Amino acid sequence: MVSILTGTEATGTQSGPWPAPTAERPVTAVVPVPGAKSGTNRALVLAALADGPSRLRGALRSRDTLLMAGVLRALGGEIDTDGPDWLVNPPAPGGRLAPGAVADCGNAGTVARFTPAVATLRAGDVTFDGDARMRDRPLTPLLGALRELGADIDGDRMPFTVHGRGALPGGEVTVDASDSSQLVSGLLLAAPRYDAGVTVVHRGARLPSGPYLDMTVADLRAAGAVVEAAPPERDGSRRWRVEPGTLAGGDRAIEPDLNSATAFLAAALATGGRVVVPDWPEVTEQPGRMLPTLLAAMGASTERTEDGLAVSGGGTIHGLDVDLSDFGEAAPVLTALAVLADSPSRLRGIAHLRLQETDRLLALAQELGSLGARITVTDDGLAIEPARLHGGRLDPRADHRLAMAYAVVGLVVPGITIDDIATTGKTVPDFPRMWAAMLSGRAG
Ligand SMILES: O=C(O)C1=C[C@@H](OP(=O)(O)O)[C@@H](O)[C@H](O)C1
Ligand SMILES: C=C(OP(=O)(O)O)C(=O)O
C-alpha cells in the first residue's frame, strides 16, 4: 500500500490558519525555486521504463513527485528519493507485481494520467485511486484509449484496476483531450514500450496546455525515443506518432519550476520591488517562459541578467486581456495581480481550470469576491474589475496555486488569513519559509 502524503508530511509545513504577511516595504530578494514538477514526473516515468538505471539531478521533492515515486514503486521500480539526486532502477523484465498493489495518485493529475499506461506493461493487477477530487477529474478518455490499444482495465474513473499483461499491443487511437493535455501525454510517455508504438490523434473542441505536449515530445526524444509531432490541423485536431523502441537511462537534470516562481515574481510587481529568480533557463518547454511578457503587460519591467530573471515593479499594476490556454497555471496569480490593478482584466481560454485541483474559476471569484473583488466567471475564463479590497479568511480549497495567489494579495491587503497553507506542498516544499525569506530579503 502506498501511503498518502499530505502537503504537511511531504514538506514539513504546518497546516492551520496562516496570517498572510503584509509587505512593509517593496520586496527585494533573490529567490531560488525548486525543481519542476512536470520535469520531475516525466523523468521518473521515463526512467522507470528505461533499459538501465537513471540519476535525476535537481528533482522536486513535493507531494506530487513523492506520489509519483510511490506509484512507480508499486509498479515494480526501485526509486531512492533520500538524497539530493534521485536514483531510479527499473524493474527487471518478467517480474510480477505484488498481489493487491495500490497506486495512490493523491490529487496529482500527472500521476493519475501518466502511470496507468505504465501499469499495462507490468504483469499483475494494480488498483488506482486518489483524493476525492481526483475521482472527479477527467480520466475516462485516457482509460478508453488504453483499452482500444489492448489494455484490460476495470472502470472508467477512479478507483479503477489495470490488469497488466506485461505488454500492450499499441496502434492508433483517437482521444478528446479538450479537458487536459495530460490525457495525450499519458498515452505517449510509455509508448516506446508498446509492441507497435502508438499513433495518437486528438480531436475535440480545444487542446489546453500545448507546451506540456511539446515537453512530453522533447523528453521522450531526449531519452532516445523516435517521435513525430504534426502541427495542428485547421480543425484543431493534432497527431503524434511514437515508434516502438527502447528508452535510455542515464543522468537527467531537472529545470527549476517556473510555475513556482510565479507568485514570487508577482510579489515584485505587487509591492513595487525587485525579485530575481536564478537559473532561469535560456530555452525551455515550460509555459512559464511566458511570464516575463505577461508581467510586463501588467506593468513590470523584466530583465535577463547573469543572475537570472529579474522582475521589477513600478508601483502601479495594469489589467490585461490575455488568452492563457497554453499557461492556465498562471491564472490564479495573474488574477491576484488583476484584483490589485488600476484597470479591468480578461483571462480567456481557461475553461479547463474548472476541472483542476478545484474549480479554479469559481473558487477565485468566490474567495477573492469575499474580500470585495469584482470577478465574473465567463464561458472560458474570468473578467475582473478594479475594486477596493478588505481583509478576510480565504480557503484555498486544497489548491496549491490558489493558496500562493492569495499570499500575493495578502502582501498589499492587510488582514488576510489563508487556511491550510500546507496545501502549497503539492509543488513547493515549504512555501511559508520561502515567502518569509523573500520578505526579509534573505536568499530563499
Ligand atoms: O503535463 C503536465 O505536466 C501538466 C499539464 C497541464 O495540465 P492540463 O493539460 O490538465 O492543464 C498543467 O496544468 C499541469 O500542471 C502539468
Ligand atoms: C493543474 C495542476 O496540476 P495537476 O498536475 O494535478 O493537473 C497544477 O499544478 O496547476
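Colleague: How do the axes of helix α2 and helix α9 stand to each other: roughly parallel, roughly perpendicular or oblique?

Modeller: In this predicted model, the axes of α2 (residues 37-48) and α9 (residues 210-222) come within 11 Å and cross at roughly 40°. Angles under 35 degrees count as roughly parallel, and those from 65 to 115 as roughly perpendicular. The angle of roughly 40° belongs to neither class, and α2 and α9 are therefore oblique.

Colleague: Is the crossing of α2 with α9 left-handed or right-handed?

Modeller: The handedness describes how α2 passes α9. For this pair, the crossing is right-handed.

Colleague: Which residues of α9 meet α2, and how do the residues of the contact divide by class?

Modeller: From α2, the contact takes S38, R42 and L46. Their counterparts in α9 are Y212, M215, T216 and D219. By class, the residues of this contact are three nonpolar, two polar and two charged.

Colleague: Which elements give two or more residues to the shell around ligand 1?

Modeller: Ligand 1 is surrounded by 13 residues, and the closest are S38, S180, S181, S209 and Y212. Two of these names, S38 and Y212, also occur in the contact of α2 with α9. The elements that contribute two or more residues to the shell, however, are α4 (109-114) and α8 (182-188).

Colleague: How many residues of the shell around ligand 1 are polar?

Modeller: The shell draws at least three residues from each of domain 1 and domain 2. Its nonpolar residues number two, and one residue is charged. The polar residues number 10.

Colleague: Where does ligand 2 lie with respect to the two domains?

Modeller: The residues that surround ligand 2 are A108, G109, T110, E329, Q356, E357, R401 and T427. By class, this shell has one nonpolar, four polar and three charged residues. Domain 1 (7-33 + 255-440) and domain 2 (37-227) both give residues to the shell, so ligand 2 lies between them.

Colleague: What distance separates the centres of domain 1 and domain 2?

Modeller: The protein chain is divided into domain 1 (7-33 + 255-440) and domain 2 (37-227). Taken over C-alpha atoms, the separation of their centres is 29 Å.

Colleague: How many residues on the side of domain 1 that touches domain 2 are charged?

Modeller: The contact between domain 1 and domain 2 takes 21 residues from domain 1 and 22 residues from domain 2. On the side of domain 1, six residues are nonpolar and nine are polar. The charged residues on that side number six.

Key: Residues are numbered from 1 along each chain as its sequence is written. Chains are lettered from A and ligands numbered from 1 in the order in which they are written. This is a predicted model: local features need pLDDT of at least 70, side-chain atom pairs count only at pLDDT 80 or more; totals for chains, interfaces and linings use all residues. Axes are lines fitted to C-alpha atoms, for helices over the stretch in contact, and angles run from 0 to 180 degrees between N-to-C directions. Helices (H or I, at least four residues) and strands (E, at least two) are DSSP runs, numbered from the N terminus. Angles under 35 degrees count as roughly parallel, over 145 as roughly antiparallel, 65 to 115 as roughly perpendicular and the rest as oblique. A crossing is left-handed if the near helix is turned anticlockwise from the far one by less than a right angle, and right-handed if clockwise. Two residues are in contact if their C-beta atoms, placed from the backbone, lie within 7 Å. Ala, Val, Leu, Ile, Met, Phe, Trp, Tyr, Cys and Pro count as nonpolar, Asp, Glu, Lys and Arg as charged, and the others, Gly among them, as polar. A residue is near a molecule or strand if its C-beta atom, placed from the backbone, lies within 6 Å of it. Domain bounds come from an automatic or database domain assignment.
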